[in-house]
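The following exercises concern charged side chains and their surroundings in a predicted model. Each task is followed by a solution in steps.

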Amino acid sequence: MLRTPSWATASLLAVAISLAGCGEDKEQNTAEAPAPQAQAPAVQSATPAEPAPVAVSEEAASKVVNHYADLALAVFSDAHAAGVKLQEAVNAFLANPNDETLTAARQAWLAARVPYMQTEVFRFGNPVVDEWEGQLNAWPLDEGLIDYVAGDYQHGLGNPGATANIVANEQIQVGEDTIDVTEITGEKLASLNELAGSEANVATGYHAIEFLLWGQDLNGTGPGAGERPATDYVEGEGCTGGNCDRRRAYLKAVTDLLVDDLKVMVAEWQPNQDGNYRATLLAEPAENGLRKMLFGMGSLSLGELAGERMKVALEANSTEDEHDCFSDNTHNSHFYNAKGIRNVYLGQYQRIDGTTLEGPSLSSLVQAQNPEVDADLRADLETTEAKMQALVESADNGKAFDQLIAADNQEGQELVRAAIAALVEQTAAIEQAAGALGIDNLNPDTADHQF
Amino acid sequence: MLFDRSLIAACATAAIALALGACAQKDPYQAASAGLADGVLLPAYTQWTETDRRLAASARAFCAGNESLADARRVLRDAQLAWSGLQPMLVGPLGEGNRAWQVQFWPDKKNLVGRQVGNLLKANPDLTSADVEEGSVVVQGLTAYEYVLHDKTVDLSDAQVRARYCPLLIAIGDHQQKLSADILGQWEGDDGMASQLRTFPNARYADPNEAIADLLRVQVTALDALKKKLGTPLGRLSKGHPQPYQAEAWRSGASLPMIGAALAGAEALWQGGKESGLRSLVDDAHADLANRIDQAYASVRQTADSFDEPLAELVGTEEGRTRLAELYEQLDTLHRLHQNDLAQALGVQIGFNAHDGD
């Protein structure tokens, strides 16, 4: 249930007691707070006897922030490497479009999501990532901007680009403006993102590629993903869906752009590069770095993953709000999002080549201040992973996320709800960890739905 | 053990508040929490429950031909405003689970309400309350009710259309009445939410500081949400392109009145009812802060009440956007004063809220 962060209260208490004293209660100040594992929630949050946090040494904090940057470099490098594999698979598919090469391209897209989703914990708190990511992972999209859609296609009200269909048109009409898209280049596509101000106008990134490889998932909350035929990419005779040449150009351009973008972000995290983001980050007081780490973990955990990506889809029974809705890969995206949060806390990351990167961690800093808080958060992160694993297993057994959120699937909804609850619980533990390190002001940003 | 700790907390708070004075004084945090529960929160929840009771009755009367559409819309407006007034008071049962979402689904980026209402009625030509109870939150709340009464594609002057949509109206009215009565029940009673704001420790709060922290947190969250509710249609998140259909309650033109009602609720939490509010906890050293917050409320509420046209129209003109931008700046000021200055003055860590993220 509720685990209201009590550190602020606790440190106030410590101050007040040492100044004023309250008679026989004074010895409570030094009494070690017990670990009230199975007791009432009020007891758990009632830990007024905790000492005020001892300042974390700048040196220890710096090492943790530096390793955080190493972790970012590794995960962005993996995202780039997996993007290059995707690019190769897309090129092979376009050279010879058939079921086999399409399947290989789809597999490469799925593999590329594994490291990318683990990068997202770096997004919140690091403006360089947050300002960059829209071009790569914006979602949900009004896919009618890109290509043909089915008759009952639903889009944002008042989005003038929702049915522009770039693949079918050399000139697209957006409101009163005509835009020339004769040449389909990465630059041109990037300029069409958020066209006319609508954030559902997404022309680039993983989800645009996903739509081009899978097509719309017309199964609603029933089994099955998008079923775009490979023949949508056949040159000349045999082309399905119309305008195969333009669709080919689109897929090629948008995939190349993704790889270029990923490369840019790898450069931002390279060591010893004057003027890149890593240099800026490491030049700041280490406390700022710790705050960014915790802010990234908490923001992804609560507002973005538990809220936008899971709870909206669940409570509205809305497959429109499912994250990887064309490919039905949502379970994996959520799993690796959560994994990323855990990576940052533990200072660990398993690379796509199977090796593990390890180093000075937030966990070790928190443990030195308050072992109980550290143990709580580690346990919560593990619980979250187990709940996410349940979603993965469900999908592997034929019940994907979009089936779990069906209005009449109580059992499925419970699986999703349990994962959300674990994320909420872990966010409270992240606040406790911040408190243990003396980090206040977790600088909130903004998201959409209230939790 | 438990009791001892709360005693420490009470003493410590008192010690700070009274500048190392005696511990025997009544804890102001407890007084504020209890005063807000009885003077502000409980009356607001009671009022909301009453508007939902009238909403349920109105749906039946309208569908029986005994109430005009204009009257039905007025009753809906009352329910919308009562709900908005609760936004800064979502502590406890209504803030948990998916209950708040059952009252209203927003933002509705892809017109889910239009789509889901259509699908629901198509799948259930003889719609029952159970179909709505088991349905998604999108069809259970005020957004769907508003869609039926205000969407231009729903012509309620046509008897056939009315017959088609009426079971949904009635089911939503009943659902809201049931939900609000249930929530009010959880506020009242010996171990109810109001009681948990009066006496400590309890199953929810170890001490009054936690209760005050919780109250301030939901207030800050609500102020943050108001920025979103105005900023989104104003185009602040979309390169300056206004997005009128992304506004809350755009179909009924209630967006700005709802912002005004939420501000009134937030100010009630600040000033307190008959008893003391959060303002009473600001010590003399922060008197200037208290005055600045008073003034921030006065100016933002004056601006919010100064609009005659609906938000969706205002975002369409340069002059309207300028005036709304001023309101936004005032909301931002008010939000920052709470989130940073007031939180610090009251010793509250704000932590993460649902708005963190995208």
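**Exercise 1.** Determine which residues of chain A are linked in a network of salt bridges.

*Solution.* The acidic members of the network are A:Glu120, A:Asp130, A:Glu133 and A:Glu304. The basic members are A:Arg123 and A:Arg309. For the wider setting, a search of the whole structure yields 46 salt bridges over all chains.

**Exercise 2.** Characterise the salt bridge between A:Arg291 and A:Glu287 by distance, location and burial.

*Solution.* Step 1: the closest N and O atoms of A:Arg291 and A:Glu287 are 3.0 Å apart, and a salt bridge requires such atoms to lie within 4 Å. Step 2: both residues belong to helix 10 of chain A, which covers residues 286-315. Their separation of 4 residues corresponds to about one turn of the helix. Step 3: buried means under 20% relative accessible area. A:Arg291 has 18% relative accessibility and therefore counts as buried. A:Glu287, at 38%, counts as partly exposed.

**Exercise 3.** Establish why the pair A:Glu320 and B:Arg115 joins two chains.

*Solution.* Step 1: A:Glu320 and B:Arg115 form a salt bridge, with 2.5 Å between the closest N and O atoms. Step 2: A:Glu320 is located in the loop between helix 10 and helix 11 (330-346) of chain A, whereas B:Arg115 is located in helix 5 (residues 112-123) of chain B, so the pair joins two chains. Step 3: both A:Glu320 and B:Arg115 are buried.

**Exercise 4.** Locate the partners of the salt bridge between B:Glu133 and B:Lys178, and classify each as buried, partly exposed or exposed.

*Solution.* Step 1: the side chains meet at an N to O distance of 3.6 Å. Step 2: B:Glu133 lies in helix 6 (residues 129-133) of chain B and B:Lys178 in helix 8 (residues 159-187) of chain B. The two residues are 45 apart, and the pair links distant parts of the chain. Step 3: exposed means over 50% relative accessible area. B:Lys178 reaches 53% and therefore counts as exposed, while B:Glu133, at 30%, counts as partly exposed.

**Exercise 5.** Summarise the secondary structure, burial, contacts and accessible surface of chain A.

*Solution.* Step 1: chain A contains 15 helices and 4 strands. Step 2: 58% of its 451 residues count as buried. Step 3: among contacts in chain A between residues at least 6 apart in sequence, 71% join residues at least 24 apart. Step 4: the accessible surface of chain A is about 16900 Å², and carbon and sulfur atoms account for 49% of that area.

Notes:
Residues are numbered from 1 along each chain as its sequence is written. Chains are lettered from A and ligands numbered from 1 in the order in which they are written. This is a predicted model: local features need pLDDT of at least 70, side-chain atom pairs count only at pLDDT 80 or more; totals for chains, interfaces and linings use all residues. Side-chain values use heavy atoms; hydrogens and water are left out. Buried means under 20% relative accessible area, exposed over 50%, partly exposed in between (1.4 Å probe, protein chains only). Contact means heavy atoms within 4.5 Å. Accessible areas come from the Shrake-Rupley method with a 1.4 Å probe; for residues, only the protein chains shown count as cover.
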